[in-house]
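Trainee: I would like to learn how to read a structure feature by feature. Could we go through one together, slowly?

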Amino acid sequence: MEIIISNSSDKPIYEQISTRIKSLIMDGTLSAGEALPSMRALARDLHISVITVQRAYEDLTRDGFIETVSGKGSFVAAQNREFIQEEQLRIAEEFLLKAAQIGKTHGIGYERMADILKLFYEE
């Protein structure tokens, strides 16, 4: 499992970790029941605090992506991909609503906003 963190990113490190693991789960690279590295091992590999990894794993557990079994470790949870995608779509809709409101308020046309979204999507 390859996780690359960026100290120059505006996202906190724990969020970069959880986002990457979510991505690996959603694209099928990590499958249900697969063991994740222990918090200590991942912290050591990434040269970060165990507390940072713990925060990422807690977020992943809360969001239903992983399950942690005391004394055994953390594992990819059985997923309902449609449910997860629907939840992510809801979050995206909230951001798009904010973007649309900003665009309307400041006279930025739909075509320009759509071009910006397309640019970000293709990155």
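Mentor: Let us start just after a helix, and keep in mind that this is a predicted model. Helix α1 is followed by Gly 28, whose phi is positive, near 90°. The helix itself covers residues 13–26 and reaches 20 Å from its first C-alpha to its last, close to the 20 Å expected.

Trainee: Which residues of α1 are buried?

Mentor: A residue counts as buried when its relative accessible area is under 20%. In α1 these are Tyr 14, Gln 16, Ile 17, Ser 18, Ile 21, Leu 24 and Ile 25.

Trainee: In which sense do strands β1 and β2 pair?

Mentor: Strand β1 (residues 66–69) and strand β2 (residues 73–76) pair in the antiparallel sense over four bridges, and one of the partnerships joins Thr 68 to Ser 74 in β2. The two strands form a hairpin with three residues between them, and Gly 71 in the turn has a positive phi of about 85°.

Trainee: How should I read a salt bridge, and what does Asp 63 meet in one?

Mentor: Look for a side-chain nitrogen of Lys or Arg within 4 Å of a carboxyl oxygen of Asp or Glu; by this rule the count comes to five. Asp 63 meets Lys 22 at 2.8 Å, N to O, and this pair links distant parts of the chain, 41 residues apart, with Asp 63 in the loop between α3 and β1 and Lys 22 in helix α1.

Trainee: Why are Asp 59 and Arg 55 separated by about one helical turn?

Mentor: They are separated in this way because they lie four residues apart in helix α3. Their side chains meet in a salt bridge of 3.9 Å, N to O, in which Asp 59 is buried at 12% relative accessible area, whereas Arg 55 is partly exposed at 39%.

Methods
Residues numbered from 1 in each chain as written. Predicted model: local features only at pLDDT ≥ 70, side-chain atom pairs only at ≥ 80, totals over all residues. Heavy atoms only, no water. Expected span 1.5 Å × (residues − 1). Buried < 20%, exposed > 50% of the residue type's maximum accessible area, 1.4 Å probe, protein only. Pairing = 2+ DSSP bridges.
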